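Dear colleague,

I am passing a structure on to you, and below it you will find some notes on its cysteines. Please have it open beside this message as you read.

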Amino acid sequence: MVTKIKKAPISAFVAIFTCAVLILGTSSVPGSIVWAQSTGIAPASVKTFTQINPPPCDFSDNFYTENGIVAGQGTGVNASVAGRFGTFRQTGPPATGSQVNWVADSTCSVNDPTRRNFRILATTGGYPDDQSGSPTEFISILAFLTRQSDDFTGVGNARTIQMVDIVSNFEAYAALKQIMPNGQFAGTPCGTMGDPTITPCFPVSSVATPSLRQDWRFATNRNAIDGSNNNNVQGTSIVNDSPFGYFCDDLLGMWIITYFWFLPTIHDNTTQCPSMIQALGNKEGLSLDGTPIIRTGDELNFLEGKVVGSNPIPGFSGQSPPNPGCMAEGQEDVGGADSPAAVWLVCPALLDPRNGAVAKDAFLDVVRRSNGNALDTGLLNNFSCLQNTGKFCNEAAPEN
């Protein structure tokens with residue numbers, strides 16, 4: 001039996017309360033939160049489901065300001081470089097053809113007074129930042145922020161905590177294409193993250209889906225209780241004195257972007273990298289660049305040369321991480337030196353994407369092959385099931 005979660009509009013109080021409910025639910029009812037491991041399409045004969053979770057809308061200016069984001073006229077989230085849905089980017093990526101990224105909807109503020117009346121249709125798919133690699137994450141990219149001094153108010157919330165400190169605990173992992181138009185491999189990003197000794201570099205000016213080689217990974221699972229946000233919950237020492245949870249404290253659903261890339265060592269047969277890359281590609285499939293899809297944190301960390309709980313690459317169990325490493329990661333300059341490249345995203349994850357949160361007119365934003373097919377069919381199938389049945393593909397049909 002699958003536990004049903006009825007979601008009220010997310011205010012500051014409700015979000016914190018919901019966090020406690022989710023943590024208890026995930027610990028006591030396996031499978032109630034991490035749902036779909038299968039990619040099967042739900043039966044076409046399912047009955048109409050009860051819509052209890054409203055679809056996503058943009059936040060109001062007042063709610064942005066209350067949570068530490070500048071929202072004055074033409075500044076912060078309202079600056080053109082932010083590309084805020086509801087104000088900018090109604091057409092263009094991720095929308096294609098006749099699609100639009102957002103529509104006016106007067107029910108948004110009725111369902112949740114922290115929202116303004118623009119409903120988001122673009123629904124970006126990805127993986128949770130755990131070891132499952134499940135195609136079950138769906139978020140709404142509302143805006144991009146590029147400079148701390150321009151975009152954050154510097155004022156703490158009711159608990160005197162600034163948003164810039166909260167969001168630093170929650171990473172969205174972006175995988176930009178490294179194959180240049182001429183077919184050459186670029187082994188480092190351009191800008192402040194890049195290694196000046198490596199050429200060529202790949203651009204980091206946009207994280208729009210057409211720029212990605214694979215789908216996103218999001219740290220929605222991080223919370224204070226289990227220590228996954230880097231806070232030491234055992235009390236022996238404080239690794240990071242910021243016991244935050246994504247759905248508890250990050251009320252805007254923001255992320256700091258962690259870019260990750262493959263190094264030139266993947267083509268160096270004097271290293272372990274080529275054989276490891278091939279083995280991981282056989283396991284996880286290949287990105288648009290022909291490099292392996294990275295679905296889990298252990299896969300990335302191991303290929304960076306870090307020790308993880310168990311080696312995630314088939315055929316290398318028990319072996320040490322590669323030295324030199326095969327991959328690297330980094331974040332853009334918070335001072336804006338890489339602008340218009342995004343440092344942060346305002347893109348709240350759907351707390352419970354079932355029972356109406358994925359609307360009938362929403363569309364899926366995922367990495368696609370040149371023929372238009374989704375790179376990961378699991379994301380496509382789960383989106384379709386959520387949109388048409390209100391449940392993930394491996395859940396029972398609606399009961400009403």
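Which residues form a disulfide in which the sulfur atoms are 2.3 Å apart? In this predicted model, they are Cys385 and Cys393. The torsion about their S-S bond is about 100 degrees, so this disulfide is right-handed. Cys385 counts as buried at 2% relative accessibility, and Cys393 likewise counts as buried, at 10%.

That pair belongs to a set, since the structure holds four disulfides. Another of them joins Cys190 to Cys201, with an S to S distance of 2.1 Å, and this link is right-handed, with 90 degrees about the S-S bond. Cys190 lies in the loop between strand E8 (188–189) and strand E9 (201–202), while Cys201 lies in strand E9 itself, so the pair ties together parts that are eleven residues apart in sequence. Cys190 counts as partly exposed at 23% relative accessibility, and Cys201 counts as partly exposed at 31%.

A further disulfide is formed by Cys273 and Cys326, whose sulfur atoms are 2.2 Å apart. Here the first partner, Cys273, lies in helix H7 (residues 273–284), and Cys326 lies in the loop between helix H8 (297–303) and strand E12 (327–330), so the pair ties together parts that are 53 residues apart in sequence. The torsion about the S-S bond of Cys273 and Cys326 is about -95 degrees, so this disulfide is left-handed. Cys273 is buried, with a relative accessible area of 0%, and Cys326 counts as buried at 0% relative accessibility.

With best regards

How values were computed
Residues numbered from 1 in each chain as written. Predicted model: local features only at pLDDT ≥ 70, side-chain atom pairs only at ≥ 80, totals over all residues. Heavy atoms only, no water. Disulfide = S-S within 2.5 Å. Helix = DSSP H or I, 4+ residues; strand = E, 2+ residues; numbered from the N terminus. Buried < 20%, exposed > 50% of the residue type's maximum accessible area, 1.4 Å probe, protein only.
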